[in-house]
Amino acid sequence: MRKIVLLLTVLIGFTLPVFAGYFDLALTLGTNVHMFEKDLDPSRMKLAWGASVGLTDDWELDVQVDTQVVPDFFGSSSLSLVAQKALLGQRSTNSAVAGVGINTLLGAGLMVSPYRTDGTLGISHLLLTLTPVTIGSPVTGKRERLFALTLAYNLSNQKFALLFDLVKYDFYAVGTYRDYR
């Protein structure tokens, strides 16, 4: 039942941008490691997938699902919603002119997961995230995000955890050079 609720939440998150104004839309694929909460989340490696929606020239909304891969394939999942700001300049200009090719992202959000002391699905963490290096932009059609660190505060046990994304790839479907010919 929890997986169905999580999947429905992700699908709703993917369809919301269709009805709102946005600069760009990307599909995201990468890795994730959840550290310092082995009692709540025993996984070692997760597949990170989702979407990134450009809200303005320097703000974006990430909807990310982290699905357990090791040791139990698709054993558990979490959903993160994070609003991020580009710190080094425009991430997109909403035109054929590319934004800043190398950037840094700072963001905040929340996680919905079963990683709570009672094990039920709900809002489990407050997130503060820093992605020190992004290479690429929506206009070029792809972007790599490297070494993202997320400080996660667990609301149920009042402890901090750390999420680490070694690399995430954004493949843009909307807002690329193809849209401005």
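Are Lys 46 and Asp 41 buried or exposed? Both residues are buried, and they form a salt bridge with each other in this predicted model. The structure as a whole contains 10 salt bridges, and a search of the whole structure also finds two cavities of 30 Å³ or more. The points below cover the cavities, the salt bridges, a nonpolar surface patch and two individual residues.

**Largest cavity**

- The largest cavity holds about 150 Å³ of space.
- Its lining consists of 15 residues, and those nearest the centre of the cavity are Gln 64, Val 82, Thr 150, Asp 165 and Lys 168.
- Five strands each give two or more residues to this lining: S3 (59–70), S4 (77–86), S6 (122–137), S7 (142–154) and S8 (159–174).
- Sorted by class, the lining of the largest cavity comprises seven polar, five charged and three nonpolar residues.

**Second largest cavity**

- The volume of the second largest cavity is about 30 Å³.
- Thr 28, Gly 50, Ala 51, Asp 62, Val 63, Gln 64, Arg 145 and Lys 168 line the second largest cavity.
- Strand S2 (45–54) and strand S3 are the elements that give two or more residues to this lining.
- Strand S3 gives the most to the lining of the second largest cavity, contributing three residues.
- The lining of the second largest cavity includes three charged and three polar residues, together with two nonpolar ones.
- Gln 64 and Lys 168 appear in the lining of the second largest cavity, and they are also among the residues nearest the centre of the largest cavity.

**Salt bridges**

- In the salt bridge between Lys 46 and Asp 41, the closest N and O atoms are 2.7 Å apart.
- Asp 62 pairs with Arg 145 in another salt bridge, with 2.5 Å between the closest N and O atoms.
- Because Asp 62 belongs to strand S3 and Arg 145 to strand S7, this pair ties together parts that are 83 residues apart in sequence.
- Asp 62 and Arg 145 are both buried, and both residues help to line the second largest cavity.
- A further salt bridge joins Arg 143 to Asp 170, where the closest N and O atoms lie 2.8 Å apart.
- This pair links distant parts of the chain, with Arg 143 in strand S7 and Asp 170 in strand S8, 27 residues apart.
- Arg 143 is buried, as is Asp 170.
- A network of salt bridges links Asp 24, Glu 60, Asp 62, Arg 91, Arg 143, Arg 145 and Asp 170.

**Nonpolar surface patch**

- Leu 87, Leu 88, Leu 106, Leu 128, Leu 130, Leu 151 and Phe 160 make up a nonpolar patch on the surface.
- Together, the residues of this patch have about 660 Å² of accessible area.
- Leu 88, one of the members of the patch, sits in the loop between strand S4 and strand S5 (102–113).
- Leu 88 has a relative accessibility of 54% and therefore counts as exposed.

**Gly 107 and Thr 131**

- Gly 107 is located in strand S5.
- With a relative accessible area of 7%, Gly 107 is buried.
- Gly 107 and Thr 131 are separated by 24 residues in sequence, and their C-alpha atoms are 8.6 Å apart in space.

Definitions and conventions
Residues numbered from 1 in each chain as written. Predicted model: local features only at pLDDT ≥ 70, side-chain atom pairs only at ≥ 80, totals over all residues. Heavy atoms only, no water. 1 Å grid on protein atoms, 1.4 Å probe; cavity = no way out; pocket = protein on both sides within 12 Å on 5 of 7 lines; lining within 4 Å. Points joined across faces, edges and corners; volume = space filled by probe spheres on them. Helix = DSSP H or I, 4+ residues; strand = E, 2+ residues; numbered from the N terminus. Nonpolar A, V, L, I, M, F, W, Y, C, P; charged D, E, K, R; others polar. Salt bridge = Lys/Arg side-chain N within 4 Å of Asp/Glu carboxyl O. Buried < 20%, exposed > 50% of the residue type's maximum accessible area, 1.4 Å probe, protein only. Patch = residues over 30% accessible without salt bridge, like charges linked within 9 Å, V, L, I, M, F, W, Y side chains within 5 Å. Areas by Shrake-Rupley, 256 points an atom, 1.4 Å probe, with all protein chains shown as cover.
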